[in-house]
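Trainee: I'd like a close look at one part of this structure, please. What is the volume of the second largest pocket, and which residues are the closest to its centre?

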Amino acid sequence: MDYSAILFEIKDAVARITLNRPDRLNAFTEQMHKELAAALDQIRNDPSVRVLVITGAGRAFSAGQDLGERMMSGEPDAAPRQVGSSLEKYYNPLVRSLRELPLPVLCVVNGVAAGAACNIALACDLVLAARSAAFVQVFSNIGLIPDAGGTYLLPRLVGMARAMAWSLLAEKVSAEQAVETGLIWRCVDDELLGQEAESLVQRLAAGPTHAYALTKRALHASPGHSLEEQLAMEAHLQSSAIGSKDFREGVAAFLGKRRPAFRGE
Ligand code: T3D
């Protein structure tokens, strides 16, 4: 596929996606969704990939759905049909893909993340933001409800009180506030973002990929499980981790007092 709405490359075990419509603050279009789906398919089918990093070009991460594209049709009842089908066809599969990819997904939020883009960032495994970035559930500004997993993730990450207020009031949450409230993992000074992201990417790319994938599965399953169910799941997944070459390498490295050379196997 030719990519124009995103930049995409796979190199040295790292897949990199950059949302690339900076003049529209990287707002999502149908074309961008198609390119994202193709890139994620390629990543899923390439066993050499051990980490995915997603960021935005220019001053924003993304402003969510491109509202110009949504209003293009002249038909009065076109928008509801378009929205329903756009969520089912594009946004929901994107959220599922990010959650289910069997490797760590790092979202580097370089600027504002609004609407669906905010929730797509939150669906990634680690969110590292520039200190000047912000997270906004803008939906109520245009008479919509949070989508792309927002109503699922927000109360779980920050509790019902903040989830409700941020959604109803479309409050802009600074990167620092996002860290303090548990919405995201970390923020760093803008000028350090590239360097910090790269060092994380290299660390994750050299990590025990299979164990990372199982960790993701266990943590994502946790909110819907009882303690008994979660203990059973841990026992099941741990027996898979313990069969990996990376486990043997990890133990050998520990006993040999050296750094492990994980191969993601
Ligand atoms: O429809 C479906 O498929 C269902 C799914 C819906 C999911 C959603 O994401 S709904 C939410 C859609 N997004 C928004 O409502 C956000 C709209 N944008 C904003 O609120 C603000 O732009 C921001 C808070 C994100 C950033 O503000 P600021 O002041 O930094 O930038 P700006 O000046 O507002 O925007 C810069 C340009 O980007 C501007 O164009 P111009 O004037 O330079 O020609 C603006 O129109 C354009 N832009 C920003 N957001 C969008 C957009 N163009 C199209 N779609 C956008 N979402």
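Mentor: A pocket is an open set of points on a 1 Å grid over the protein atoms alone, with protein on both sides within 12 Å along at least five of seven lines; its lining residues have an atom within 4 Å of a point. Its volume is the space filled by probe spheres set on the points, which are joined across faces, edges and corners. Keep in mind that this is a predicted model, where local features need pLDDT of at least 70 and side-chain atom pairs pLDDT 80 or more, while totals for chains, interfaces and linings use all residues. Residues are numbered from 1 along each chain as its sequence is written, and side-chain values use heavy atoms, without hydrogens or water.

Now to your pocket: the second largest one has a volume of about 460 Å³. Lining it are 22 residues, and Gln65, Leu67, Phe139, Ile142 and Leu144 are the closest to its centre. Two elements (DSSP runs numbered from the N terminus, helices being H or I of at least four residues and strands E of at least two) give two or more residues to that lining: helix H2 (67–70) and helix H3. H3 has the largest share, with 4 residues. Sorted by class, the lining comes to 14 nonpolar, 5 polar and 3 charged residues (Ala, Val, Leu, Ile, Met, Phe, Trp, Tyr, Cys and Pro are nonpolar, Asp, Glu, Lys and Arg charged, and the others, Gly among them, polar).

Gln65 is worth a second look, as it turns up in the ligand's surroundings too. There are 23 residues around the ligand (a heavy atom within 4 Å), and Arg24, Arg59, Gln65, Arg70 and Ser86 come nearest. A polar side-chain atom of Arg59 sits 2.9 Å from a ligand oxygen. The backbone reaches the ligand as well: an N or O atom of Ala63 lies 2.9 Å from a ligand nitrogen, and Leu67, also on the list of residues closest to the pocket centre, puts a backbone N or O atom 2.9 Å from a ligand nitrogen.

For context, the largest pocket holds about 670 Å³ of space. It has 25 lining residues, with Cys124, Asp125, Leu126, Leu219 and His220 nearest its centre. Strand S7 (126–130) and helices H5 (150–158), H8 (193–205) and H9 (209–221) each bring at least two residues, and H9 brings the most, 5 residues. That lining splits into 17 nonpolar, 3 polar and 5 charged residues.

Then there are the closed spaces: 2 cavities of 30 Å³ or more turn up in the whole structure (a cavity being a set of points where a 1.4 Å probe fits but cannot get out). The largest has a volume of about 70 Å³, and its lining includes Ile17, Phe28, Leu36, Phe61, Leu94 and Ile120. H3 (78–100) comes back here, joined by strand S2 (14–19) and helix H1 (30–44), as an element giving two or more lining residues. The class count is 10 nonpolar residues, with no polar and no charged ones. The second largest cavity comes to about 30 Å³, and Cys118, Phe135, Gln137, Trp166 and Glu171 are among the residues lining it. By class, its lining has 7 nonpolar, 1 polar and 1 charged residues.

Technical notes. A polar contact is a pair of N or O atoms within 3.5 Å; within protein, one must be able to donate a hydrogen and the other to accept it, and residues adjacent in sequence count only if both atoms are side-chain atoms.
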